[in-house]
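Visitor: Before we look at anything, could you show me the structure and explain, step by step, what lies behind the words used for it?

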Amino acid sequence: MGGADPRSGAVGNGGRKGGGVKDGQSQATRRAPRGSARARLIAAARDLVRRKGFAATSVDELCAAAGVTKGAFFHHFASKEGLGVALIEDWTETTGAMFAAHPYNAAADPFDRLIAYIELRRTLLSMPLPEFTCVAGTTVQEVFDTSAAMREAARNSLASGAGHVRAHLEAALAAHPVPGVTAESLARQFQVAVQGGIILAKAENDARPAREALDHLERYLRLLFGR
């Protein structure tokens, strides 16, 4: 579910706040403030994993970026996989809250809400490429056959992403029924366009394919609903 991180004010730049550990700092200075180490590790992972991938991001890199010790890492997470699950769950929660609070949900016409959602997605594409990518989509491509726990977390996250538009689709289909089309299947098509566009954008190192995917999605909706 690609999206903005409401806690940072931008798309996924929360990991940059931790920074590295400078030479000469004391042990006390290197440690994150009490209660924040877990959050800083997740923020660092959110940034690093979207830039480098999950496998290529080491625990040492995560600790350095978060400004915490390795002991602090294993205090909060039994393994790197445990951090991966927590990262995806955090992504689901924060992006879900951002989409739920966005003004597009208040439009009177459900079709207008769907078009406004697509426009919001277009706006996110103005960020640097790693920052509009999706944590769940990125990680599941790497670990779907090696980590059942992370795959399940990613599945739930992508389902949550489809849920951002499902109610609007149900309302639009109630007003304008389309034979053979359900809100559930059409909500998944939104995810196909978003996630597929991100993959192509990564392959070309250019946001253009992601924009084209959203443009085609909007055209399809207008044809489907006669708008």
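Visitor: What phi does Gly-67 take just after α3?

Guide: Gly-67, which comes just after helix α3, takes a positive phi of about 70°. This is a predicted model, in which local features need pLDDT of at least 70 and side-chain atom pairs count only at pLDDT 80 or more, while totals for chains, interfaces and linings use all residues. Residues are numbered from 1 along each chain as its sequence is written, and side-chain values use heavy atoms, with hydrogens and water left out.

Visitor: What makes α3 a helix, and which of its residues are buried?

Guide: Helices are DSSP runs of H or I with at least four residues, strands are runs of E with at least two, and both are numbered from the N terminus. Helix α3 spans residues 59-66, and its buried residues are Val-59, Leu-62, Cys-63, Ala-65 and Ala-66. They cover an arc of only 165° around the axis, which puts them on the same side of α3; the arc is that of the directions from the helix axis to the C-beta atoms. Among the elements that cover these buried residues are α2 (37-52), α4 (70-76) and α5 (80-101).

Visitor: How do you know that Lys-70 and Asp-60 form a salt bridge?

Guide: A salt bridge is a side-chain nitrogen of Lys or Arg within 4 Å of a carboxyl oxygen of Asp or Glu, and the closest N and O atoms of Lys-70 and Asp-60 are 3.2 Å apart, so the pair qualifies. The pair links distant parts of the chain, with Lys-70 in helix α4 and Asp-60 in helix α3, 10 residues apart.

Visitor: Why is Lys-70 called partly exposed?

Guide: Buried means under 20% relative accessible area, exposed means over 50%, and partly exposed lies in between (1.4 Å probe, protein chains only). Lys-70 has 42% relative accessibility and therefore counts as partly exposed, and Asp-60, at 48%, counts as partly exposed as well.

Visitor: Why is Arg-122 called buried, and which residue does its side chain meet in a salt bridge?

Guide: Arg-122 has a relative accessible area of 18%, so it is buried. Its side chain meets that of Glu-119 in a salt bridge (2.9 Å, N to O), and because these two are 3 residues apart in helix α6, they are separated by about one helical turn.

Visitor: What about Arg-113, which is also in α6?

Guide: Arg-113 is buried yet has no salt bridge, the nearest side chain of opposite charge, Asp-109, being 6.5 Å away. Here Lys and Arg count as positive and Asp and Glu as negative, whereas His and the chain ends are not counted.

Conventions: Contact = heavy atoms within 4.5 Å.
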